[in-house]
Amino acid sequence: MHTLNYQRFTNLTFLQSIKPQRLRKLLEPYADYLYSKQLHPSDDVSHEDYAQRLAELFASPDADTPSQLLDALHVVNGLTGRATIDLLFDQVDGLIDSFQNEEDPFPGDVAIEAFLRDRDRAERMLSHHSAQSRRAFTSFQSQSSSPPQLVTDLAMGTATLTQDLDQWFYRRGCGRGATAQCNQNDGSLYVFVSHGTPMRRLDVLEQGLPDSLICRPLKHDVAVFDKLIGELRINAETIPQRETYRRLIGKHLFGNEEMFPPGEKFTLGPLLEYGEASLSVAMIEELTSVECHSVKMLLPGHKPEELTSRRQDVLEVLEQRVEWLARQGFDDIRLTEAKFNLLFASSRRSRVVTIKPPNVAIYSRDGDSEIVERFLRDRGFITEQDWQPYAIDGAVLAGS
């Protein structure tokens with residue numbers, strides 16, 4: 001169940017921008033209702049006057065207003081933004097051809113024409129667009145040193161993911177019918193999940209009288225796999241749902257249920273806050289030195305940027321880069337990976353440790369983990385939060 005939004009149809013300028021024949025075709029199935037409101041197309045009524053009366057009617061819907069009409073207005077309203085118009089032209093068959101003889105069509109015309117041509121696709125696109133616009137995501141890094149590859153048969157993986165999700169939601173009183181759909185481009189894979197929720201009783205007004213409605217609202221979640229940095233981001237309402245998506249997406253789309261391990265163990269904040277001081281080994285006799293030779297940073301809406309150096313001056317470069325970005329207005333800068341060279345007192349060769357917040361450490365040798373984690377905890381790279389014990393038994397300690 002969604003919250004209806006059709007505010008553009010209460011805007012006189014928007015309504016008047018739509019071609020009269022296209023607007024009337026959209027409203028044609030509801031002619032009886034409009035006639036009852038003394039609102040029917042007529043040669044005696046100008047398009048401007050007709051649009052004004054429609055705007056007034058839509059601004060104050062009543063119990064007689066058909067729910068199908070409100071749903072139609074809601075879908076068209078949601079597809080009228082700049083971000084969705086290009087998608088409509090790409091994904092609705094024949095849409096672009098229908099405007100060959102119309103110069104500079106208004107967004108309202110494009111959205112209505114797409115809705116009239118393929119309502120099911122238009123509704124799915126609105127659901128997907130709404131899911132993609134969410135901002136609250138929980139992130140999980142892959143346990144591999146490079147971004148993991150998707151299963152060869154993505155369609156089959158999506159089908160088995162749907163089966164497991166449908167069973168999971170059914171067993172929790174959310175009914176049958178959960179579905180998963182995957183869309184991808186060069187940089188990302190989007191997993192859209194639709195599912196029911198527990199039954200609800202809603203107090204409503206029918207014909208001006210109080211009543212109740214028993215229903216099962218529909219919910220939409222989204223997960224995004226970033227192919228560039230190997231990170232899975234999940235937007236879902238509850239912790240158990242996020243955990244289920246994390247596990248089942250790993251299982252069915254990457255062939256490994258623990259490809260994206262849980263927990264929030266690591267942070268790279270000390271590199272930004274303390275610079276070279278965060279690499280001190282003064283209290284750890286087993287280590288001679290630690291150098292950071294590469295850092296990956298991610299800006300919102302941008303590809304990750306990697307800073308690499310053979311000496312510790314990578315941190316000087318990082319500081320300068322962050323200061324410059326701050327002056328450009330970037331205040332949400334994430335460090336997604338850092339590689340450290342650790343020189344052990346008992347060895348002439350340095351060993352590499354890769355940290356990928358929030359939960360992945362990759363060691364050259366698993367036997368180094370006790371000393372390395374002592375260094376990381378001492379310098380603040382390990383958070384003080386509770387974390388899953390998987391890191392102890394080596395589930396994410398991949399040898400390089």
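A polar contact is a pair of N or O atoms within 3.5 Å; within protein, one of the two must be able to donate a hydrogen and the other to accept it, and residues adjacent in sequence count only if both atoms are side-chain atoms. One such contact, at 2.6 Å, links the side chains of E231 and R334. The structure is a predicted model, in which local features need pLDDT of at least 70 and side-chain atom pairs count only at pLDDT 80 or more, while totals for chains, interfaces and linings use all residues. Residues are numbered from 1 along each chain as its sequence is written, and side-chain values use heavy atoms, with hydrogens and water left out.

It helps to begin with confidence. The pLDDT is the predictor's confidence in each residue, from 0 to 100. For the protein chain the average is 83, and 87% of the residues score at least 70. Helices (H or I, at least four residues) and strands (E, at least two) are DSSP runs, numbered from the N terminus. Among these elements, α9 has the highest mean pLDDT, 96, and strand β9 (residues 305-308) the lowest, 68. Residues 385-400 fall below 50, yet this stretch has 31 contacts in the model beyond near neighbours in sequence, a contact being heavy atoms within 4.5 Å. Where pLDDT is low, the predicted coordinates should not be read in detail.

The surroundings of E231 repay a closer look. This residue lies in strand β7 (residues 231-235) and is buried, with a relative accessible area of 0%; buried means under 20% relative accessible area, exposed over 50%, and partly exposed in between (1.4 Å probe, protein chains only). Leaving out residues up to four places away in sequence, E231 touches S139, F140, Q141, V224, F225, D226 and R334. With F140, the C-alpha to C-alpha distance is 5.7 Å, although 91 residues separate the two in sequence. Besides R334, the side chain of E231 has a polar contact of 3.2 Å with the side chain of R233. R233 in turn forms a salt bridge with D226, their closest N and O atoms being 3.7 Å apart, and both of these residues are buried.

Side chains of opposite charge can pair when their charged atoms come close. With a salt bridge taken as a side-chain nitrogen of Lys or Arg within 4 Å of a carboxyl oxygen of Asp or Glu, the count comes to 18. One of them joins E113 and R22, with closest N and O atoms 2.9 Å apart. E113 belongs to helix α7 (residues 107-117) and R22 to helix α2 (residues 20-27), so the bridge ties together parts that are 91 residues apart in sequence. Both ends are buried, E113 at 13% relative accessibility and R22 at 9%. The pair is part of a network of salt bridges that links R22, E102, D109, E113 and R117. Another bridge, between R176 and D166, has its closest N and O atoms 3.3 Å apart. Here R176 lies in the loop between α9 (154-171) and β2 (179-184) and D166 in helix α9, so the connected parts are 10 residues apart in sequence.

Helix α7 is largely enclosed by the rest of the structure, because 8 of its 11 residues are buried. These buried residues include D109 and E113. D109 is also touched by S17, which has F106 as another contact once residues up to four places away in sequence are set aside. S17 sits in helix α1, is buried at 19% relative accessibility, and reaches the backbone oxygen of F14 with its side chain at 2.6 Å.

Nonpolar cores complete the picture; each is a set of buried Ala, Val, Leu, Ile, Met, Phe, Trp, Tyr and Cys residues joined through side-chain atoms within 4.5 Å. The largest has 38 residues, of which F9, L27, L34, L54, F58, L79 and L88 touch the most other members. At least two residues come from each of α1 (12-17), α2, α3 (31-36), α4 (47-59), α5 (67-78), α6 (82-91), α7 and α8 (119-132). Apart from neighbours within four places in sequence, F58 is in contact with Y6, F9, T10, L27, L69 and L73. A second, separate core of 32 residues includes V314, F344, V353 and L376.

Finally, a disulfide is taken as a pair of cysteine sulfur atoms within 2.5 Å, and the search of the whole structure finds 0. Among the cysteines, C182 is buried at 17% relative accessible area, and C292 is buried at 0%.
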